[in-house]
Amino acid sequence: MKKEITPADILPYEIYAKERKERRTAITAMKKNRRVEVGPYATFYFENYDTMFQQVQEMLHIEKGGAEQLADELHAYNPLIPQGNELVATIMFEINDPVRRDSFLRSITWVEKHLHIDVGGEKVAGEAEMDVERTKADGKTSSVHFVHFRFTPGQIAKFRDPATQVMVVIAHENYHHMAVLQPQVKEALAKDFA
């Protein structure tokens, strides 16, 4: 399992442009088993090398920023690739109405401190990516969070056991929801441990 995107991994613009449609179709199919809805507004998108590689390639394709842009993209997206003992999720709170969204995001201040994965009764606490502060001074939190869930070897073994129930949990006082991982999702995410 690859744990870092390097400049040598990046496809030249012309090659990616030819393969873009097929690559996007393939990544969309793969992501189906890496997506977990938690309550009415939150979705966890579990990242891996492939999802981040595709993101970097897309950004380079769209923005055409060359080597300077590549350095920035690698700096932004490499930290979201699991390192063998963790799951990494992009968590998005999605509400179409801007007034309702603003009110909701102000009601879940510091939500990033209230995320965990329950592995057969054991909590694996979320650790927010510290690239920027996700909750502003006025109490409004971001609609997007990047979170690492670091597992012990014992928790990884429990996660891999088909008999163990695994849940993704948001335990904020104003948004308390959980979702049980379906077997195909659990199987896909277990591949991130290596």
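**Figure 1. Aromatic pairs, with Y49 and F53 in close-up.** The structure holds 11 aromatic pairs. Y49 and F53 form a stacked pair, because their ring centres are 6.0 Å apart and their planes meet at 15°. Rings of Phe, Tyr and Trp (its six-membered ring) are paired here if their centres lie within 6.5 Å, with planes under 30 degrees apart counting as stacked, over 60 as edge-to-face and the rest as tilted. Y49 and F53 are 4 residues apart in helix α2 (residues 49–63), a separation of about one helical turn. Helices (H or I, at least four residues) and strands (E, at least two) are DSSP runs, numbered from the N terminus. Y49 is buried at 12% relative accessible area, and F53 is buried at 10%. Buried denotes under 20% relative accessible area, exposed over 50%, and partly exposed the range in between (1.4 Å probe, protein chains only).

The model is predicted: local features need pLDDT of at least 70 and side-chain atom pairs count only at pLDDT 80 or more, whereas totals for chains, interfaces and linings use all residues. Residues are numbered from 1 along each chain as its sequence is written, and side-chain values use heavy atoms, with hydrogens and water left out.

**Figure 2. The edge-to-face pair of F93 and Y175.** F93 is buried, with a relative accessible area of 3%, and Y175 is likewise buried, with a relative accessible area of 3%. The ring centres of F93 and Y175 lie 5.9 Å apart and the planes stand at 85°, so this pair is edge-to-face. F93 belongs to strand β3 (residues 86–93) and Y175 to strand β8 (residues 175–180), so the pair ties together parts that are 82 residues apart in sequence. F93 and Y175 also belong to one aromatic cluster together with Y41 and F104.

**Figure 3. A charge over the ring of W110.** The charged end of K113 sits over the ring of W110, 5.0 Å from the ring centre. This description applies if NZ of Lys or CZ of Arg is within 6 Å of the ring centre and within 35 degrees of the ring normal.

**Figure 4. The salt bridge between D192 and R34.** There are 11 salt bridges in the structure, each being a side-chain nitrogen of Lys or Arg within 4 Å of a carboxyl oxygen of Asp or Glu. In the pair of D192 and R34, the closest N and O atoms are 2.6 Å apart. This salt bridge links distant parts of the chain, with D192 in the segment after α6 (183–190) and R34 in the loop between α1 (13–31) and β1 (35–38), 158 residues apart. D192 and R34 are both buried.

**Figure 5. The salt bridge between E127 and R150.** The side chains of E127 and R150 meet in a salt bridge of 2.5 Å, N to O. The pair links distant parts of the chain: E127 lies in strand β5 (residues 122–128) and R150 in strand β6 (residues 144–150), 23 residues apart. E127 is partly exposed at 38% relative accessibility, and R150 is partly exposed at 37%. Elsewhere, R20, R24 and E58 are joined into one network by salt bridges that share partners.

**Figure 6. Strand β1 and the hairpin with β2.** Side chains alternate along β1: V36 and V38 point to one face and are buried, whereas R35 and E37 point to the other and are not. R35 and E37 form a salt bridge, with the closest N and O atoms 2.9 Å apart. E37 is partly exposed at 49% relative accessibility, as is R35 at 37%. β1 pairs with strand β2 (residues 42–47) in the antiparallel sense over 4 bridges; two strands are taken to pair if DSSP finds at least two bridges between them. V36 stands opposite F44 in β2. The two strands, β1 and β2, form a hairpin with 3 residues between them, and G39 in the turn has a positive phi of about 75°.

**Figure 7. The surroundings of H148 and Q57.** H148 is placed in strand β6 and is buried at 5% relative accessibility. A polar contact of 2.4 Å joins the side chains of H148 and E129, and a polar atom of the H148 side chain lies 3.5 Å from the backbone oxygen of P79. A polar contact is a pair of N or O atoms within 3.5 Å; within protein, one must be able to donate a hydrogen and the other to accept it, and residues adjacent in sequence count only if both atoms are side-chain atoms. Q57 lies in helix α2 and is buried at 2% relative accessibility. Beyond its neighbours within four places in sequence, Q57 is in contact (heavy atoms within 4.5 Å) with D9, I10, L11 and Y16.
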